[in-house]
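Biologist: I'm new to this one and would like a guided tour. Could you show me how to read its features, one at a time?

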Amino acid sequence: MADKATLEFNGQKIEFPLIKGTEDEIGIDIKSLRSATGGAITIDPGFKNTGACESGITYLDGEQGILRYRGYAIEELAEKADFLEVAYLLIYGDLPNQEQLDKFNADITSHAVVDDDVKKILDAFPKSAHPMGVLSSLTSALTAFNPSSVDASSKEAMYNSTVRILGKFPVLVAWTMRKKQGLPLDYGDTSLGYVENLLKMMFKKPNEEYVHNPIIVNALDKLLILHADHEQNCSTSTVRIVGSSYAGLFASLSAGISALWGPLHGGANQAVIEMLEGIMADGGDTKKYMAKAKDKNDPFRLMGFGHRVYKNFDPRARIIKSAADEVLNDLGIEDPILEIAKGLEKEALRDEYFVERRLYPNVDFYSGIIYRAMGIPIEMFTVMFAMGRLPGWIAQWKEMRHRKEPIGRPRQIYIGENYRAFKSISERS
Ligand code: ACO
């Protein structure tokens with residue numbers, strides 16, 4: 001393999017060094033492109049061929065369907081680790097020993113309270129507000145109550161912001177749901193595990209004991225792990241680019257939440273269930289919807305299918321599909337939309353259109369079915385995704401600051417009007 005790439009431009013040969021990753025991925029380092037060509041840039045809408053950074057956090061091979069956090073296979077982590085261990089792994093690079101985990105947990109729980117005035121902000125939202133908009137606003141608002149969180153000048157300052165947000169975020173997640181349901185805003189019990197406490201904060205009724213169901217605790221823990229990072233996707237790139245202006249951690253996370261909200265990204269988990277319910281209400285004719293998905297004149301897409309990077313099975317979708325079967329079975333729930341989802345998957349996997357374009361189920365195709373079985377309202381699904389993605393966003397933001405990456409600022413090719421002389425209003429047609 002060559003160690004450089006050559007570009008012929010204006011009769012001149014320009015050489016660019018290659019950057020090789022630890023898994024042999026190759027990048028052409030074009031940092032000198034503009035100076036060597038006298039100002040030419042690359043154009044790559046959607047950044048389909050553009051690497052924004054070098055990163056040591058998550059390895060993803062979309063051809064082989066491989067996903068690893070800090071070198072550990074996602075399948076093993078989902079089976080053997082818990083969410084806080086994975087959060088520590090992503091943020092600090094190694095699995096914690098018991099002492100490190102205990103300290104991490106204690107520091108997080110010591111910050112698991114938000115300023116009471118946050119309730120007033122939440123109160124100002126209408127009940128109809130989408131929880132993702134509310135979560136994004138409240139996460140940004142936390143900066144006002146924790147001004148030191150913008151400090152990223154030392155390891156200690158970053159650690160403090162990290163444990164603060166890991167402590168407070170589950171409270172915001174639970175409150176966005178309780179607000180919609182008209183339930184009192186409450187705190188859970190920090191003597192419980194992270195995920196148990198989150199569930200208690202979400203579901204505890206004011207007049208009843210909350211009894212944990214271990215099936216639900218395990219399933220949610222697994223789902224959060226599977227969502228915890230996914231390298232340079234839309235929301236993570238947003239967090240990094242916002243953070244690259246030296247905006248604080250919470251403001252960067254708030255921007256990431258907004259990016260995740262859209263149905264082409266994290267919002268797909270809500271869109272999948274709405275689609276499956278729609279198909280069921282329309283008589284369950286999956287063939288009709290397959291045809292719509294393939295019709296270029298029809299805006300309908302098979303939500304939960306396709307991925308920018310995976311051109312093979314999304315390994316997370318495999319795990320979630322079998323978890324969906326297990327959870328529904330263990331909880332004794334028969335959900336007809338699971339059968340519709342399986343039917344769609346079966347047809348898509350043998351359909352020429354989907355096979356040719358290498359469209360497979362992604363992480364969102366089956367996750368909503370599990371959330372639904374847990375009793376989580378549909379509009380909260382993307383909020384649950386954000387809860388899972390939080391450690392990944394923190395890890396990526398921290399890495400970007402540590403590596404002293406320059407401010408993110410893409411260029412453009414201008415295709416607008418050339419110079420025009422100003423016309424006063426009476427001269428305009
Ligand atoms: N249904 C029908 N056709 C599809 C679908 C789909 N779900 N996804 C892609 N295609 C088709 C496109 O129409 C295009 O066809 P063409 O080559 O004939 O024009 C081709 O497959 C390539 O699709 P692109 O949109 O160019 O692929 P891109 O990498 O830009 O988009 C995306 C990836 C956004 C995920 C897309 O597959 C999609 O919209 N999927 C549905 C939404 C979804 O599930 N999003 C969640 C992704 S996972 C996550 O973000 C957590």
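What follows is a short talk through sheets, hairpins, salt bridges and a few single residues.

Biologist: What should I know before I start?

Modeller: This is a predicted model, so local features need pLDDT of at least 70 and side-chain atom pairs count only at pLDDT 80 or more, while totals for chains, interfaces and linings use all residues. Residues are numbered from 1 along each chain as its sequence is written, and side-chain values use heavy atoms, with hydrogens and water left out.

Biologist: Let's begin with sheets. How do I read one?

Modeller: Strands of a sheet pair through backbone hydrogen bonds, either parallel or antiparallel. Strands here are DSSP runs of E with at least two residues, helices are runs of H or I with at least four, and both are numbered from the N terminus. Two strands pair if DSSP finds at least two bridges between them. Now the case: one open sheet has three strands in the order β1-β2-β3, with antiparallel pairing.

Biologist: Which strands of that sheet stand at the edges?

Modeller: β1 (4-9) and β3 (26-28) do, and each has a single partner strand, so one side of each is left without a neighbour in the sheet. Neighbouring strands of this sheet are turned by 30 degrees against each other on average, direction ignored. That angle is taken between axes, which are lines fitted to C-alpha atoms (for helices, over the stretch in contact); angles run from 0 to 180 degrees between N-to-C directions.

Biologist: How many bridges join β1 to β2?

Modeller: Six, and β2 covers residues 12-20. For one pair to look up, L7 has I14 in β2 as its bridge partner.

Biologist: What is the order of strands in the other open sheet?

Modeller: That three-stranded sheet runs β4-β5-β6, again with antiparallel pairing. β4 and β6 are its edge strands with a single partner each, so one side of each has no neighbour in the sheet. Four bridges link β4 (residues 58-61) to β5, and two bridges link β5 to β6 (residues 72-73).

Biologist: Which residues face each other there?

Modeller: Take T58, which stands opposite Y69 in β5, and L60, which stands opposite L67 in β5. On the β6 side, R68 has A73 as its bridge partner.

Biologist: And the turns between these strands?

Modeller: Look at the residues that link the two strands of a hairpin. Between β4 and β5 there are four residues, and G65 in that turn has a positive phi of about 75 degrees. The hairpin of β5 and β6 has two residues in between, with R70 in the turn at a positive phi of about 50 degrees.

Biologist: Which side chains of β5 are buried?

Modeller: Buried means under 20% relative accessible area, exposed means over 50%, and partly exposed is in between (1.4 Å probe, protein chains only). Along β5 (residues 66-69) the side chains alternate: L67 and Y69 point to one face and are buried, while I66 and R68 point to the other and are not.

Biologist: Next, salt bridges. How many does a search of the whole structure find?

Modeller: A salt bridge is a side-chain nitrogen of Lys or Arg within 4 Å of a carboxyl oxygen of Asp or Glu. The search finds 24. Among them, K4 and D3 meet at 4.0 Å, N to O; K4 is partly exposed at 38% relative accessibility, and D3 is exposed at 57%. D24 and K20 form another, with the closest N and O atoms 3.8 Å apart, and both residues are exposed.

Biologist: What about D282?

Modeller: D282 forms a salt bridge with K288, with 2.6 Å between the closest N and O atoms. D282 is partly exposed at 35%, and K288 is partly exposed at 39%. Elsewhere, salt bridges that share partners join E54, R240, E399, R403 and E405 into one network.

Biologist: Is H130 buried or exposed?

Modeller: H130 is buried, with a relative accessible area of 15%. You'll find H130 in the loop between α5 (118-124) and α6 (131-145).

Biologist: And where is L331 found?

Modeller: L331 belongs to helix α14 (residues 315-331) and is partly exposed at 23%. The C-alpha atoms of L331 and A373 are separated by 7.9 Å, though these residues are 42 residues apart along the chain.
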